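Grab a pencil and try these short exercises. Each one has a task, followed by a worked solution.

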Amino acid sequence: AMRRILLLRGGRGRVVSLSSEARGRRRRGDEQPVWSAVLEAESKLRTEEEEDEKVLARRKRYRAAQVAAWKDFGRAMDEVWAVVNGGKGSKEDVRLAVAVLERRDVLKRPSQYTQVATAMAKVGDGGGAAALVRRMPKQSTIAYNAALRACARSGDFLEAEKLLGEMEAPDAVSFGTALAAEPRYNDRAKAYLRRALAVEDPLLKSDESKGRLRLAYREALALCARNGQWRSATSVVFGEMPKYGLPVEPRDYDAVGKACFAAGHLEELLVVLKAATRHDKDSDALHALYVEALAGFDQGNAGFSSARAKGGAKAGGRRKKGTGAQSKEEDAAALAAVAALRRLRKRRRDQRLSTSSAVGPPSAVASNAALKACALRRAGSLALELLSELEEEKMEALGSGAVPGASTLAPDAKSYVWALRANRSDVDRCLELLGKARKAGLVPNAQMCAAALESFGDAGDERLALDLLSEMDLRNVPIDPFAAAAAVNCLVNANEPTKALAFYAVERERLLEGRRTQLSSSRNGGRGSSSDFFHEKATDALDVAGLGACAALKDADRAKAIFGAAKHGWGWHPWIVAAYARAAASAGRWRDAVDLYGMEATRARELQQREEEQQQHKEEEDSEEWSLERKRRSRALARTATLDAAIDACWRALEEETDPEQRRVLARAAVELWEDGAADGLVPRPLLGKRNKVITLDLHGASPSRAKAALLATFDAYETLDFPPTLCLLTGARKKKKNKKGGTLRPALEAFLSKRLKVKFDAAPNNAGVLVIAGHSVTAFRNIHKDTKFPNEPTTSDQDDELRDDDGLNDDDIDDDEHGGENNTITHKVSLTDFLAAHGLVSPTDAADAQANDDDQAKAGLGDYEHLIDVLGPDGHEKRLTLDEIIALCEEESDDDDDDDDEADSPDKPSGDDEPPAELSP
C-alpha cells in the first residue's frame, strides 16, 4: 500500500525503498515502520521536481529570448540590406545602418557578425568590415573571411594584409580571399598561395583540406583571368595543381582561356583549347571564347586581326550563294568565327558517329558566340544563314531522340537577340525574325523586343515602336530598362521628344516601384546579389535616353533633375555626364557643359593615376596585357562625347552673342577645350609632314563644332613655324549611304571657311575627301585678325569687297590677304614642275619624278597645289610671284639670251651669263 501511495504522489514512478533488514524486522514484528523517513523521502522528491520545473522554465525563457533576439536582428539586417540594395547606398550610409544595429545590441553571435560583414562587402567597404570584426568578443575565422571578402571587393589589399596578420587560425580560404584583394597576381599573391599550401598540405591532409586549397587556386586563376596574366595562369594549371595532386577541371581551363582572351593572345588560347580537348575537358564556354575572339571586336589587337584574316580566307568558300554581299572586314572577322563553330559541329558529329555515344552538338553558349560575332560585325546575312543551319540541326537532334538536352540547343531566345542586332539596320528582316521566333514557340522576351526597338529607333519608325510596346503590354512581356531606353530613343528619333520624356518618367517610376516591392516582399531583400531588374547599367541606359529627350526639348531643368537622380555611390557614369552635357549645350548653358567636361577630365586623370600606381610593379611577362587599355578607351569615348558637347555649347552661345568681347571669350574657350582634349589624346593632333611642307589635320568622325575649334587651334600653331606649310583637312568625300543622309561635317566646314573666315580652299585633285588650304592663305588670315581676333570681323572687309567688284576681279583671281602687306599679290595656283616642263627647262619625265618623290604630297593627295614659286624681295622677305610675273621673268631672260647672241662681239656688252635683277633673286 505504501508503494502505491508513493507511486501516486511521486508522479514519476519513484518509490522509497527500505533495506532488506528493515523489511525482515517488519515482517517479524520487531520494528514498526518509521513514517518520518517516508515523509523525508517524499519532500526530497518534491524538491527535485521543483528544481526540474525551474530549469525547464529557464530554458523556455532563454529560447524565447533567443527567438526574439534573432527576430530583432533579422529586422535590423533587413534595414541594412535595404540600404545596400536600394541602388543608392554608399559606404557611409551602410556604416550608419550598421552603427544603429550595434546600438540596438543585437549583435551577439559570430554568425551575425559574418552576415553584417557580408553586407558591407556588397558595397565594397573593406575598412568598415575590418573594423567590425575587430570589435567581436571572440575571434571567428569565418567572420574574418567575410571581412577579407569585403577587402577583396574593394581592392583594399593593405587592409586585407593587416587582417590576415591578426587572425589566430587562418585557413586556405583566408589566404585565397586575401589573394583576391590583390590588384594583380604579383609576388605577394604568390606568397599567400604558398602559405595556403603550408596550412593545407593536400598530400597529408583530408579531402576537405584539398577542397579549401582548390578555392585558393581558383581565386588565383580568377585574378589572372581578370588581368590577362596568361603565363601565370598557365603555370598554375599545368604546373602547380598537378604537382600537388589537385585535378584540373574544365572550369580551370576556362580560367586560362579567359586570361588569354583578356590579353589578346589568340594563339595561346588555341593551345589551351587543344590541351583541354586532348584531356576531354573542353567546355563549350572555352569554345565560345575562341569563337568570340575570332570576331575581332577589338581593332587594336594584332593577334586577333591576323587570325581573322586567316580564318576568313579559309571560310570564304563556305558561303552560300544568294545571301548578300558582305564587306571584306566582315568576311575576315565574322566568317572566321562562324567557320570555327562549323568545325566544332563537324568534330562533334564525327565523334558521335564513330563512337556511337550520346555526344550532342555544341551548346547554345558556343552557337550564340558565333551569332554575337555576326552582331558585332553587323553581318546580317551571315547571321541569318547560321540561324537557319542551327534550326535544321536542332530539328534533327529532336527527331533522333538520342541527343541529350536537344531542347536546350540553339537557336534560343538569345540567338534571336543577336540575330536581331546583326540585322539592326534592316527593319523588314527584324520583323521577319520576330515572326520566326514566334513560329518556333519562343515568346518574344524583353531582350528581343529591346533589339527590335533599337532597329525601329534607328529607322525613326514611331508607329512600329508603339505597336510593339502595345503588344508587349497585351502579352505581359516585361519592359526592362534596356527596352525602355530603346523605346525612348525611338520616339526622340521620330521627333516626338515630349512623348519620349513622358514614357521615360513612367518607366523610371516603374523601376523604383518594382524595386520597393521586391525589397518588401522578401525578408532576404536580395541579400548578397544585385537584381538584374535594377542593375546599374540598365538604369544608366534609361537615364541616358531620358537626358537625350531633354536635349531634344532643350529642357535644362528636367535634365538637371535626371542627372541628380542618376548619381551612384561612386559618382556618375561617364555616359550620363556626356548626355547631360549635350542637354546643357542644347539649352544654351555653355558654362555648365564646360564645367562638366572639366569635372570628367579631372576624374579621368585621377583614375588613370591610380591605375598607373597599381600597375607600376607590373611584371614583364604581362607587358602585352591590353584589357586595361580597353577600359580606358571606353571611358575616353564618353569623355570625347562630353568634349564635343562642351565645344558645341560654346559655338551655340557664340552665334547668339552680340558683345564682341564675349564672342572672343567663347571662341577662345572652344579652342582651349579642343587643345585640352588633344593633350589628353581624345582628339587627333595636327601632323607635320616629313619635309615640313604639309600639315595634316584628321577630322574624320568629328562634329562640326569640334572641327571648327580644331581649325582655329591649327591656325594658331602657324605662329611657331618659320615657313607656312600647306594645310590638309581630312574630312571624307561626303558620300551618301543607303537610306542615310549625307554627312554634315564637310558642308559645315566649307561654309565656315568661305563665309566666316574668308579663307580660300579647294579639294585635292587626287582625293576628294581632302580640303587643301595654301600656307600663305593661313598666314594672310592671321595677319588680318592679328589685332581684332576671331570671331570679330575686320572693319574694312566690306570696303574691300566693294573694291573687288570695282576692279572686276573675282575671288579665284586674288589672294586671301585683302588688306595689303607682304602677301598682297595676285596669285594663281601653278605647279612648279609643270611650269618648268612646259617652258622646256626640265624634261617632263624629270618633272613627274620630282613630283612623285614628295611623300607628304602623295599621302595627302595634293596633286599640283603644293609647289608655288617664292622669291626674295629687296627687303629680304619672301614674295610670291604671280603667273604673269613668272612668264614675264622668263620672257625677259629669253630676250637677254637673244641679245647676247646678237651682240657677242660687242666690247661694251658682257659675254658671260647675266644675273637676274636683285629684286627677283630666287
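**Exercise 1.** Work out whether K554 is buried or exposed, then look at its backbone.

*Solution.* Step one: K554 has 54% relative accessibility, so this residue counts as exposed (buried is under 20% relative accessible area, exposed over 50%, partly exposed in between, with a 1.4 Å probe and protein chains only). Step two: K554 is not a glycine, yet its phi is positive, near 60°. Step three: find K554 in the loop between helix 26 and helix 27 (556-565); helices are DSSP runs of H or I with at least four residues, numbered from the N terminus.

Before you go on: this is a predicted model, where local features need pLDDT of at least 70, side-chain atom pairs count only at pLDDT 80 or more, and totals for chains, interfaces and linings use all residues. Residues are numbered from 1 along each chain as its sequence is written, and side-chain values use heavy atoms, leaving out hydrogens and water.

**Exercise 2.** Do the job again for D280: where does it lie, and is it buried or exposed?

*Solution.* Start with the place: D280 lies in the loop between helix 14 (266-278) and helix 15 (284-294). Next, the backbone: phi of D280 is positive, about 60°, although D280 is not a glycine. Finally, the surface: a relative accessible area of 63% makes D280 exposed.

**Exercise 3.** Find which peptide bond from A410 is cis, and place its proline.

*Solution.* First, the bond from A410 to P411 is the cis one, with omega near 10°. Then locate P411: it's in the loop between helix 19 (380-400) and helix 20.

How values were computed
Helix = DSSP H or I, 4+ residues; strand = E, 2+ residues; numbered from the N terminus.
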